[in-house]
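Here is a briefing on two ligand sites and several strand pairings. Look over the sequence and structure first, then read on.

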Amino acid sequence: MSSGTETHYRTCNICEAMCGLAIEHRDGQVLSIRGDKDDPFSKGHVCPKAVALQDYYTDEDRLKTPLKKTSDGWESISWEQAFTEVASRLRGVQAEHGPNSVGVYLGNPNAHNFGNALLLPFFFKALGSQSRFSSASADQLPHHVASNFMLGAGMLIPVPDIDRTHFLLIIGANPLVSNGSMMTAAGVAKRIQAIQDRGGRVVVIDPRRTETARAATEHFFIRPERDALLLLAMIYTVFEGGLVDLGHLAPLIEGLEEIQRAVSDFAPEVVAESTGIAARDIRRLAIDMASADSAVCYSRMGASTQSFGGLCQWLTNVLNIVTGNFDRPGGAMFPEPAFDLLQNKPRGKRSSYGRFQSRVRGLPYYNSEFPVSTMAEEIATSGEGQIKALVTIAGNPVLSSPDGNRLAEALEQLEFMVSVDIYLNETTKYADIILPATTGLEVAHYDVFFNAFAVSNNAKYSPPLFEKSKEQRHDWEILKALALALTGAPDDGTTPEDLLDLGLRQGQYGEQGMSLQKLRQNPHGIHLGPLRPCLEARLKTADGKIQLAPQLYLDDLPRLRRTIAEAPSTHEEYPFQMIGRRLLRSHNTWTQNSRRLVRGKNPCTLQLNPIDAEAIGIVNGEIVSVRSRTGEIQIEAEVSDDLLPGVVSIPQGWGHNQPDTNMNVAASQPGVSINGVTDPLRVDLLTGNAAFNGTPVAISSL
Ligand SMILES: Nc1nc2c(c(=O)[nH]1)N[C@H]1C(S)=C(S)[C@@H](COP(=O)(O)OP(=O)(O)OC[C@H]3O[C@@H](n4cnc5c(=O)[nH]c(N)nc54)[C@H](O)[C@@H]3O)O[C@H]1N2
Ligand SMILES: Nc1nc2c(c(=O)[nH]1)N[C@H]1C(S)=C(S)[C@@H](COP(=O)(O)OP(=O)(O)OC[C@H]3O[C@@H](n4cnc5c(=O)[nH]c(N)nc54)[C@H](O)[C@@H]3O)O[C@H]1N2
Ligand code: SF4
Ligand SMILES: [Mo]
């Protein structure tokens, strides 16, 4: 190492995997970014996106000072002016149209920034609006609703104990590319290989032969949105074979008989044709899972962002429970994080599911939010309670939410919009004021959420590598300044570090000396041990029981049962079913402004099976039209037998070709937005989650 070169250790904040990084730097410049082999959790794993963190730091397109839209274009204004104007405009709208006329949309990076997580409550309290939305309802909402009703807390999430299991059943997730979600497990590929090396099995259920499917022991194609049927038939088989084994949780389980009754209509023979999986395979899967030394079913985006996302996540838990694999090593387990979001949550206080219905379409409110699928109509539909102003915080819903074009039209109707973001992009271009935040290497980091989904217990704090410049503000500073400007309250000086330290000291490792100072002394992070059975102590239901059969799930079964008789696609006009996919070299909509990540061949293609391509006369590489009820996009076709016939796949997070945006690198490989053809009317009616998967589309040559 040459003189003056230092190594900084931190956790990557891009995705959920919590990879430890070792960053060599000198004189304010990054020399290299590698996996930190001494990080006890990630053990040196990284993906190609980690290296791009330096690009966002140096990115010339990134905004640094507040911008105000004027008739002559964007004008730089001072922070003081920005905060005063934003507060007075928001209060003005509320004074005229009521407190709920200001909407807020939170995007995914909020979950990767502890300053946002800890300061947002102050901002919300100051604003006093119930019109809140987030990307959670285009993502993992069904997981939270299932935990809320079964375990008493939406944040009490079962996580696959991937490092000890003997049988991993993956439904609708592609962790080899996504690096795991609601399963924080840096280096998933190695962990999946290790299951097979120790004589265990990995089975993937997916309409596409994914990267994960290729690495698994076995893969079954399934028709989109039929996973709940498969799960019911597996649970049926467990009862049929007398294989129910509740293990140590037996005294805590309520509702076993109701489950047995509920699954009695769903024998494997009944669902085989509909799912596309043979009855004997379904039986074998269920029996193998029930008789494995330990086993766990893990279902994710493919099983959540679909019309039966709520049922899928409930039934995933039920399957893990009835096979004796809940809260047990090798099964679905519960992390005990050092900063515990459930620390002060009393028993018997479930979240406010359905306390309100959305104004226009009556979708359920959950955890103080309405589903994002209803945001555009709540802005565009006049009447009492209409949203007239919007705050977006680290979100790009024009590209990320269903029918983004319709949302863009709605944004144009707003009286006022403000965005806290790092770019002038497809969403923030509609704002009147953009408040740019620091990001990545300029920010301190601690994972308050992903430690709660991690496959072992760990804690790690990363200070900023580079000090932000004087003109810049952190997200949390912006949120706090807005809260103070809205209320006129004085600043009491609270920082996210103060709140983090308090939580660490009050948490379950506090007595053993856990604190922010201790984490500062351990820059690689501290391992706190493997997951342990702990559910009985962590349960938050009023009676301390696990509710296996909450009524609202039983009531949703007839809606699912009706699909058994339906053909795979019931739309003559739109005969294909579209699903999404993720790409290793991009994260959602925002990482594409790194040149090293968007080099090479266009990855944003429509994949379709050769049988389908031939039937409609499409050749590989051709630009084709994809049409749905909501719109049309044009995209390059990639013919591949990885897709089930009748199903087509398009990546999410693309479409950086809009005028008036300034992500110039991203524009060199723009791709197209899948959400130009997704449909906000397609939701899981139980949770309100967006049903991206299975969108009916038509494909044709241009
Ligand atoms: N069709 C389809 N749509 C999908 C999905 C899908 O699979 N298919 N996936 C869904 C999922 S899982 C998700 S999570 C959502 C994501 O939806 P969003 O959260 O709306 O989208 P992101 O691309 O994560 O947007 C991040 C925004 O934050 C900004 N940003 C990045 N870092 C920072 C920061 O440090 N501070 C601030 N203030 N801003 C920052 C970026 O510039 C960008 O504008 O998309 C959903 N949409
Ligand atoms: N590289 C990269 N990593 C990421 C992200 C990224 O954009 N890029 N985004 C991050 C975010 S925000 C999230 S939420 C996670 C998501 O992490 P994952 O859940 O692993 O995400 P996907 O890769 O979208 O996997 C969904 C899978 O479901 C399949 N599928 C679609 N419809 C169905 C269906 O009806 N049934 C079944 N069984 N399968 C179906 C798809 O083919 C796909 O393989 O990834 C995170 N990690
Ligand atoms: S897998 Fe996720 S956390 Fe790890 S380096 Fe890649 S983007 Fe960062
Ligand atoms: Mo997500």
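The shell around ligand 1 holds 13 nonpolar, 14 polar and four charged residues. This is a predicted model. The points below cover ligand 1, then ligand 2, then the sheets.

**Ligand 1: the shell**
- A total of 31 residues surround ligand 1.
- The closest of these are N108, S400, D421, D475 and T589.
- Both domain 1 (67–139 + 348–521) and domain 3 (564–701) contribute residues to the shell, so ligand 1 lies between the two domains.

**Ligand 1: polar contacts and burial**
- T589, one of the closest residues, places a polar side-chain atom 2.6 Å from an oxygen atom of ligand 1.
- N396 uses its backbone: an N or O atom there lies 2.9 Å from an oxygen atom of ligand 1.
- Q652 faces a nitrogen atom of ligand 1, with a polar side-chain atom at 3.5 Å.
- Taken alone, ligand 1 exposes 910 Å², and the protein buries 97% of that area.
- Two elements give two or more residues to this shell: α15 (397–400) and β16 (416–421).
- S400 falls in the range of α15, and D421 falls in the range of β16; both are among the closest residues to ligand 1.

**Ligand 2: the shell**
- Ligand 2 is surrounded by 34 residues.
- S178, D206, D227, L583 and S586 are the closest.
- By type, the shell splits into twelve nonpolar, 14 polar and eight charged residues.
- Domain 2 (141–338 + 536–560) and domain 3 (564–701) each supply at least three residues of the shell.
- Three elements each supply at least two shell residues: α5 (175–178), α12 (301–304) and β21 (576–581).
- Of the elements, α5 gives the largest share, with three residues.

**Ligand 2: polar contacts and burial**
- Which atom of ligand 2 faces the side chain of D227? A nitrogen atom does, 2.7 Å from an N or O atom of that side chain.
- D227 is also listed among the closest residues to ligand 2.
- The side chain of R582 has an N or O atom 2.8 Å from a nitrogen atom of ligand 2.
- For N693, the distance from a side-chain N or O atom to a nitrogen atom of ligand 2 is 3.4 Å.
- Ligand 2 on its own exposes 930 Å², of which the protein buries 98%.

**The parallel sheet**
- Four strands make an open sheet with parallel pairing, in the order β11-β10-β9-β13.
- Its edge strands are β11 (218–220) and β13 (296–299), and each of them pairs on one side only.
- From one strand to the next, the twist averages 15 degrees.
- β10 (residues 201–205) and β11 are joined in parallel over three bridges.
- Within that pairing, V203 has E218 of β11 as its bridge partner.

**The antiparallel sheet**
- Three strands form an open sheet in the order β1-β2-β3, with antiparallel pairing.
- β1 (6–11) and β3 (29–35) are the edge strands, each with a single partner strand, so one side of each has no neighbour in the sheet.
- Here the twist averages 25 degrees from one strand to the next.
- β1 and β2 (residues 20–26) run antiparallel and are joined by six bridges.
- E6 is bridged to H25 in β2.

**Pairings of β4**
- How many bridges link β4 (residues 67–70) to β5 (residues 73–76)? Four bridges do, in the antiparallel sense.
- The two strands form a hairpin with two residues between them.
- T70 stands opposite G73 in β5.
- β4 also pairs with β17 (residues 433–436), again in the antiparallel sense, over two bridges.
- L67 has I434 of β17 as its bridge partner.

**Background on strands**
- Strands of a sheet pair through backbone hydrogen bonds, in either a parallel or an antiparallel sense.
- Side chains in a regular strand alternate between the two faces of the sheet.

Methods:
Residues numbered from 1 in each chain as written. Chains lettered and ligands numbered in written order. Predicted model: local features only at pLDDT ≥ 70, side-chain atom pairs only at ≥ 80, totals over all residues. Heavy atoms only, no water. Near = heavy atom within 4 Å. Polar contact = N/O pair within 3.5 Å; in protein donor to acceptor, adjacent residues only side chain to side chain. Areas by Shrake-Rupley, 256 points an atom, 1.4 Å probe, with all protein chains shown as cover. Nonpolar A, V, L, I, M, F, W, Y, C, P; charged D, E, K, R; others polar. Domains from an automatic or database assignment. Pairing = 2+ DSSP bridges. Axes fitted to C-alpha atoms, helices over the stretch in contact; angles between N-to-C directions.
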